[in-house]
Amino acid sequence: MSDKTLTLYLAEYESAGACVHAAEKLRDAGYAAFDAHTPFPVHGMDQAMGLPDSRLGWLVLPAGITGVSLGFLMIWWMNGVDYPLIIGGKPAFSIPSMVPILFELTILFSALTAVFGMFGLNQLPRHHHPIFNSDRFASATDDKFFISVESSDPKFNLEKTKKLLEATHPTNIELVADKDDEVSEDAP
Amino acid sequence: MASNVEISEKNFMIREGGPWSSAWKVAAFIGAVGALTAVAGAMTAENAHRFVYSYIFGYFTILTIALGALFFVLIQRLTSAGWSVTVRRVAEFLASGLPVMAVLALPILINIKHFDWYETVAGTPGGHASLVETQAYAEEHTAPAGEAKPEAKEAAKEHGAAPEHAVAAEHGATAEHAGHEGHDPNHVAHVETLDKKKGWFNLNFFYGRAVFYILAWVILGTMFFNLSVRQDKSKEVGLTLRAQAASPLAMMAFALSLTFSAFDWVMALDPSWFSTIFGVYVFSTAAVASLAVIILITMSLRDAGYLKSVVNVEHFHDLGKLMFGFNVFWAYIGFSQFLLIWYAGLPEETTYYHYRWDASAEPGAGAGPWAGVSLILLVFHFVVPFFLLLSRNVKRKLPSLKLGAAWLLVMHAVDWYWFVMPNFKHYSFEFHWLDIACPMAVGGIYFAYVFFRMTKHALIPVGDPRIQRAIHFHNA
């Protein structure tokens with residue numbers, strides 16, 4: 001991120017429907033650095049925001065394959081080569097007895113990759129975001145719906161963005177900046 | 001996504017003259033041809049025994065579809081599901097065919113003398129191939145004692161169906177056998193296991209259980225269909241609540257009837273073998289096959305111009321997810337059964353995989369004729385569909401989902417063939433024309449009934465209070 005202070009518009013809506021329509025307008029106007037904040041998951045929001053399919057699957061699949069391969073190598077080396085033991089009259093290296101472990105390692109690698117991959121793709125953990133400077137924003141976890149448009153978006157413009165947001169009939173629009181900075185009207 | 005079509009009964013009826021209005025006739029024709037052929041086979045002495053096995057294969061291939069559809073209906077009712085309302089009716093049609101399946105169980109019940117255990121219980125030996133094997137066991141038992149053998153046989157003949165006598169004879173045989181050196185250890189296990197099962201294979205108890213399954217299927221298949229169809233006209237919310245209230249008990253009746261009918265009519269084909277997870281395995285085949293059929297019928301209805309406004313890619317995506325998930329479950333349960341039996345290595349349990357993997361006519365000759373089918377199941381029922389249906393995009397594209405559903409349906413039939421047929425002949429894979437005729441007969445009659453009912457009622461539950469939620473359903 002540049003050294004420019006992150007500023008954002010925060011538009012507040014009474015209903016999930018209004019919020020979805022606002023997201024559609026921003027998407028159609030070509031904005032990308034905007035987000036929706038709702039008290040519960042809103043169906044259709046992904047399409048309304050124009051979000052692409054999650055890339056998480058492309059991390060999880062190789063992780064799962066890695067898990068199963070490493071598990072196979074581990075058991076092959078331990079039971080088959082390094083320290084063969086006959087257990088229950090079965091061959092030292094026998095595939096059926098490996099399956100539960102291979103399965104578990106596939107799940108373990110996939111699940112951990114899914115969780116931490118999700119953190120990574122969402123740029124979490126994140127210790128600070130100016131949006132929390134808004135006093136009204138607390139009700140995003142209660143009964144209000146918000147759209148935020150960040151100044152890092154190339155299309156962001158104090159006048160035009162505000163006009164666009166006003167056209168979506170929010171109940172409130174505010175400009176939020178990092179607390180210590182003053183919002184200057186001649187920001188980009 | 002909102003539809004412009006008014007949700008009313010007349011807008012969701014099958015139109016006269018289209019392919020779906022006469023689909024039942026096609027099914028009925030297939031059923032009639034299959035039934036005539038199968039009956040002709042059953043009448044001849046050489047094929048009568050084969051008929052029972054082929055019929056059980058065909059019957060369970062179809063029965064699991066009907067029962068799986070009932071499960072789908074029950075689980076939607078139990079969870080008050082909103083998303084599935086517009087696809088639920090297809091499952092209800094499929095489950096409404098359960099009374100037909102109850103009637104079609106009669107050929108199995110009439111022919112129980114062809115089950116291997118029948119002789120043990122009723123003391124009336126039949127003359128067919130598998131029994132010869134069992135008889136060979138019995139002769140092996142009594143052989144060292146020499147004189148005891150004719151007497152035991154005489155006694156069994158005289159007393160005909162008296163179970164106590166057969167028990168006594170078997171007991172004697174077991175005792176004698178134990179003293180004999182060089183016998184087949186599997187054999188002792190076989191006889192002892194059968195002995196312990198005599199209470200279960202008591203004929204009155206056996207028929208009593210059959211009556212329970214049949215009653216359960218007639219009642220559940222009819223009741224849940226009627227509750228839903230009556231709502232089409234009355235729009236009464238109370239009917240939804242009644243279906244919901246009835247579903248927990250219905251779910252138990254479903255689980256018990258599915259598990260124990262599979263125990264009685266499939267697992268008992270190899271009477272000394274047992275697996276406590278077998279019912280779950282059968283359930284997993286039912287869930288996968290019924291979802292595949294629901295997907296195929298719903299898509300076919302859409303292709304014919306129905307349901308376009310109320311069933312969309314979101315519904316297919318969810319049906320596909322369930323089908324994929326239950327197919328993984330199928331593999332999980334199948335492997336769980338295998339692992340325990342493989343690890344324990346108990347002779348009366350390992351026979352199942354022995355017949356399906358390494359049993360060949362000559363001992364020690366390596367993989368037997370059924371090993372190929374076992375491998376096909378592993379690769380084409382699990383590995384290939386797993387990677388085929390893994391991606392979200394594949395499940396959201398109707399042609400690829402259709403391919404996956406059709407694929408799994410074919411593998412479902414292979415799976416059931418693999419359950420039943422190794423019991424007919426342990427050492428050989430012989431395809432028989434009855435293996436085609438019997439599924440045609442059962443499937444044709446069942447689907448003729450289901451398709452006929454589809455022409456009489458709306459294709460979605462138009463009176464369901466949650467129908468709008470289903471129409472506007474989205475995957476997040």
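Me: Contact here means heavy atoms within 4.5 Å of each other. With that in hand, what share of the contacts in chain B with a separation of 6 or more comes from residues 24 or more positions apart?

Reply: This is a predicted model, by the way. In chain B, such residues account for 81% of the contacts with a separation of 6 or more.

Me: What makes a residue of chain B count as buried, and how many of them do?

Reply: The cut-off is under 20% relative accessible area. Of the 476 residues in chain B, 54% count as buried. Chain B still exposes about 19300 Å², with 68% of that supplied by carbon and sulfur atoms.

Me: What does the contact between the chains take from each side?

Reply: Chain A and chain B each bring 13 residues to it. About 1100 Å² gets buried between them, and carbon and sulfur atoms give 70% of that area. On the chain A side, H43(A), K90(A) and P96(A) supply 40% of what chain A buries against chain B, more than any other three residues.

Me: Why is the D53(A) and R392(B) pair called a salt bridge?

Reply: The rule wants a side-chain nitrogen of Lys or Arg within 4 Å of a carboxyl oxygen of Asp or Glu. D53(A) and R392(B) have their closest N and O atoms 4.0 Å apart, so the pair meets the cut-off. The rule finds one salt bridge across this interface.

Me: Which helix gives the largest share of the side of chain A that touches chain B?

Reply: That's α4(A), with five residues. The residues on that side of chain A divide into five nonpolar, five polar and three charged.

Key:
Residues are numbered from 1 along each chain as its sequence is written. Chains are lettered from A and ligands numbered from 1 in the order in which they are written. This is a predicted model: local features need pLDDT of at least 70, side-chain atom pairs count only at pLDDT 80 or more; totals for chains, interfaces and linings use all residues. Side-chain values use heavy atoms; hydrogens and water are left out. Buried means under 20% relative accessible area, exposed over 50%, partly exposed in between (1.4 Å probe, protein chains only). Accessible areas come from the Shrake-Rupley method with a 1.4 Å probe; for residues, only the protein chains shown count as cover. Buried area is the accessible area (1.4 Å probe) that two parts lose on being put together, summed over both. Helices (H or I, at least four residues) and strands (E, at least two) are DSSP runs, numbered from the N terminus. Ala, Val, Leu, Ile, Met, Phe, Trp, Tyr, Cys and Pro count as nonpolar, Asp, Glu, Lys and Arg as charged, and the others, Gly among them, as polar.
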